[in-house]
Each structure stands twice: as C-alpha cells, then as structure tokens.
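Colleague: I would like to learn how to read a model like this one. Can we start with the empty spaces inside?

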Amino acid sequence: MNKKSLLLKKEMLLTASPKSYVFIAFSVMALIPQYPILLGAFFICLGIFGSFQSGREAGDIFYTLMLPVAKRDVVKSKFIFTVAIQMTAWILMLALSLVRMNFLSDVEPYSFNTLMNANFAYLGWNLIIFAAFNTVFLCTFFKTAYKIGIPFLFFGVCATLIISIGESLHFFPGLESLNDSHFQVSQLYVLITGIVIYILGTLGSLAVSIRRFEKIDL
C-alpha cells in the first residue's frame, strides 16, 4: 500500500469522528415534508467539521507531518475524505428524492408542500452547499491548519444564504417549476449548475489549500 493510500486510510479509520459517518443519516431529511430540507446538507458538513475538530485536539496535523509524506498529500487526503462523505450523502439524497418524486409526490402531506420539494433542483442546491464548505471552510482552515471556529462560522453564514435563496426562488413568478414535485427541465438547470460549482469549487479550493498549507511552518 503506497503512502497516499495509507494517509487516506488514516483519515477514514483514525482521524474521522464517528459524527462524520452518523451525520450522513441527515440525508433522510429529503423525506420530511414542510421542512427546509437543505439543512440536511449543513448537518452533514457539521459532521465532517467534527473530524477536523477531533483531529485538531489530537494533534493530527503535527503527527501526520512527522511521517515521510508530502504536505500536499496531507491536504489531498483530507479533501478526499470530505468528498467521500459528501458524495455518499448526496447519492442517498438522490435515491430518496427519486422515491419522493415517483411514489410520494401525489400523497399527503407531500402533494402540497410550500417549502422545497426533494427534486433535481434540491439535489443541485445540496451540491452548492457542499461546495461552499469545501471552498470556505477548507480553504480557510488550511491557512493555519489549526483554527476551525471562524472558518466554520463563515461557512455557516454562506450556507444560510444559500438555503434562503434556494427556499425563496420558487416563490418568484415564472420559477414555480423549480419546486414542482415532478421532474421539470428548469430543475435540471439548477442541478447542472450545482455540479459545475461543486467540481470547480472543490478543485480550486484544493489547489489554494495546498499552496497555503505548504507555506505554513509547523
């Protein structure tokens, strides 16, 4: 097993807080009617934050840098761990959204839902929230590799704005289809936008985080 694989294994089995795995269950919020279900993505990121918090308290960064590994690989392993949790949760959201769209859309209390429905637009908004975590929290964390409170606070503000926008758009004339419980083409635009933002945001954040972390003298 090479060094990169060992670093990722360490992240998954040693550094990770149990909350990171348990909080994937918040994906099930996709099935809650009359509720701001985008909060599920926030709680999933909160679970990932728990791993960074426990890692900091255990001196994980300092321990890892004592190993014969490159700094950039330390950053990459934490990004891969983060993306793995997010994608596991998102796939579960996708499955539950399809169930809700195909089997529950015409059943009370799902048939009349003023708040966001679990549809393709919802899936896109989740990716945008995950992208905000990767760009705001991770980028800011790797400036010091120690401070986590302020970076997560910044992410919390961003997530609140994203959730507010996502929950508000379908009330504007002409955008009602974004909240349709059945598939609409307009929802696909939000999903594609979310995919692009997530990929570009995560890759850009990775590059910036590597540069920042390599400048730190620990």
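Modeller: A cavity is a set of grid points where a 1.4 Å probe fits but cannot get out. Keep in mind that this model is predicted.

Colleague: How many cavities of 30 Å³ or more does the structure hold?

Modeller: Three. The largest cavity has about 80 Å³ of space.

Colleague: Which residues line the largest cavity?

Modeller: Phe52, Gly55, Arg56, Gly59, Asp60, Ile61, Phe62, Lys78, Phe141, Ala145 and Tyr146. Helix H3 and helix H4 (60-65) each supply at least two residues of that lining. By class, the lining has six nonpolar, two polar and three charged residues.

Colleague: Now helix packing. How do I read an angle between two helices?

Modeller: Angles under 35 degrees count as roughly parallel, and those over 145 as roughly antiparallel. Take H3 (residues 39-57) and H6 (residues 120-144): they pack at about 25 degrees, with axes 9 Å apart. H3 is therefore roughly parallel to H6. The crossing of H3 past H6 is right-handed.

Colleague: Which residues make the contact between H3 and H6?

Modeller: From H3, Ala41, Phe42, Ile44, Cys45, Ile48, Phe49 and Phe52. From H6, Asn126, Ile129, Phe130, Phe133, Phe137, Leu138 and Phe141. The classes are 13 nonpolar, one polar and no charged. Phe52 of H3 and Phe141 of H6 also appear in the lining of the largest cavity.

Colleague: What is the angle between H5 and H6?

Modeller: About 165 degrees, with the axes 10 Å apart. H5 and H6 are therefore roughly antiparallel to each other. Their crossing is right-handed. H5 contributes residues including Val75, Lys78, Trp90 and Met101 to the contact. Among those from H6 are Phe120, Tyr122, Asn126 and Phe142. The contact of H5 with H6 has 16 nonpolar, five polar and one charged residues.

Colleague: And the backbone? What should catch my eye there?

Modeller: Look for exceptions. Most residues other than glycine have a negative phi, and most peptide bonds are trans.

Colleague: Which residue has a positive phi although it is not a glycine?

Modeller: Gln34, with a phi of about 55 degrees. Find Gln34 in the loop between helix H2 (18-22) and H3.

Colleague: Which two residues does a cis peptide bond join?

Modeller: Glu108 and Pro109, with omega at about 0 degrees. Pro109 lies in the loop between helix H5 (71-104) and H6.

How values were computed:
Residues numbered from 1 in each chain as written. Predicted model: local features only at pLDDT ≥ 70, side-chain atom pairs only at ≥ 80, totals over all residues. Heavy atoms only, no water. Axes fitted to C-alpha atoms, helices over the stretch in contact; angles between N-to-C directions. Helix = DSSP H or I, 4+ residues; strand = E, 2+ residues; numbered from the N terminus. Parallel < 35°, antiparallel > 145°, perpendicular 65-115°, else oblique. Left-handed = near helix turned anticlockwise from the far one by under 90°. Contact = heavy atoms within 4.5 Å. Nonpolar A, V, L, I, M, F, W, Y, C, P; charged D, E, K, R; others polar. 1 Å grid on protein atoms, 1.4 Å probe; cavity = no way out; pocket = protein on both sides within 12 Å on 5 of 7 lines; lining within 4 Å. Points joined across faces, edges and corners; volume = space filled by probe spheres on them.
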